[in-house]
Amino acid sequence: LNASITGSNPLCNTGTAALTFTPATGYQTFTGGGSAIQWQSSPDNGVTPFANIATGATSVSYSNSSLSTPTYYRAIVKDGAGATCLTSDVRFVDVISPVFTSAPPVTRCGPGSVTMTVSAASGDINWYSALSGGSSIQTGTTYSTSVTASTSFYATLTLTRSGTTCESSPRTAIPVTVTASGTQLALTTGTQAAQTRDTICN
């Protein structure tokens with residue numbers, strides 16, 4: 001059996017895995033409506049054993065409209081006793097899912113400068129001032145700016161594999177919290193109990 005991928009490959013973040021195999025005819029339909037054909041999948045090409053796909057996977061074509069992880073597929077053909085008599089070659093549908101390994105929030109006392117940092121194993125990073133729309137305001141793992149109040153900035157990660165370029169979606173938020181300044185703290189010093197007042201951050 002010759003299995004082939006008829007849809008896009010790789011997919012970006014999520015998408016439809018569409019496969020078929022040839023020859024497309026000549027397979028038995030069992031009494032009671034059972035099919036001789038069964039598609040199977042494995043996340044790692046059989047290290048985790050191939051398992052039957054439960055729904056919609058008993059014809060020469062198979063489609064998964066919400067694939068979000070890289071997956072290996074194959075089809076088997078069974079005889080009337082339910083034993084496997086033919087197995088197709090294996091097809092791999094790749095899913096490129098750019099994900100940051102670290103994107104911590106930032107806190108500072110009062111208005112001023114902040115530096116935000118994100119991390120990723122590989123890829124290109126862009127920074128934005130809004131969750132959607134607008135142009136990139138910075139590239140690279142860090143972005144520094146001045147803030148006067150709590151806000152959020154946003155980053156995306158772009159990966160290219162097998163000629164396909166994918167950008168993470170939605171954008172990853174990096175919250176910036178500006179705490180109130182000007183809290184007064186009374187300190188007792190010396191034997192005369194003289195009091196001084198220092199401004200500190202909450």
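Is Cys-12 buried, exposed or partly exposed? At 30% relative accessibility, Cys-12 counts as partly exposed. The close-ups below start from this residue, and the model they show is a predicted one.

**Figure 1. Cys-12 and Cys-166 are joined by a disulfide.** The two sulfur atoms sit 1.9 Å apart. Searching the whole structure turns up 1 disulfide. Cys-12 belongs to strand β2, residues 11-12, while Cys-166 belongs to strand β17, residues 164-167, so the bond ties together parts that are 154 residues apart in sequence. Have a look at the twist of the bond as well: the torsion about S-S is about -80 degrees, so this disulfide is left-handed.

**Figure 2. Three cysteines and their accessibility are shown here: Cys-12, Cys-166 and Cys-85.** Within the disulfide pair, Cys-166 has a relative accessible area of 0% and is buried, whereas Cys-12, at 30%, is partly exposed. Why does Cys-166 count as buried? Its relative accessible area is 0%, and the term applies to anything under 20%. Cys-85 comes out at 45% relative accessibility and is therefore partly exposed.

**Figure 3. A cis peptide bond leads from Asn-9 to Pro-10.** Here omega is near 5 degrees. Pro-10 can be found in the loop that runs between β1, residues 2-5, and β2. Strand β2 may be familiar from the first view, since Cys-12 lies in it.

**Figure 4. Another peptide bond to look at, from Thr-22 to Pro-23, is cis.** For this bond omega is near 0 degrees. Pro-23 has its place in the loop between β3, residues 15-22, and β4, residues 37-42.

**Figure 5. Asn-13 has a positive phi although it is not a glycine.** The angle is about 70 degrees. Follow the chain to the loop between β2 and β3 to find Asn-13. With 22% relative accessibility, Asn-13 counts as partly exposed.

**Figure 6. Ser-162 is a non-glycine residue with a positive phi.** Its phi is about 55 degrees. Where does Ser-162 lie? Look in the loop between β16, residues 151-161, and β17. Strand β17 also holds Cys-166, the disulfide partner of Cys-12. Ser-162 itself has a relative accessible area of 64%, so it is exposed.

Technical notes:
Residues numbered from 1 in each chain as written. Predicted model: local features only at pLDDT ≥ 70, side-chain atom pairs only at ≥ 80, totals over all residues. Heavy atoms only, no water. Disulfide = S-S within 2.5 Å. Helix = DSSP H or I, 4+ residues; strand = E, 2+ residues; numbered from the N terminus. Buried < 20%, exposed > 50% of the residue type's maximum accessible area, 1.4 Å probe, protein only.
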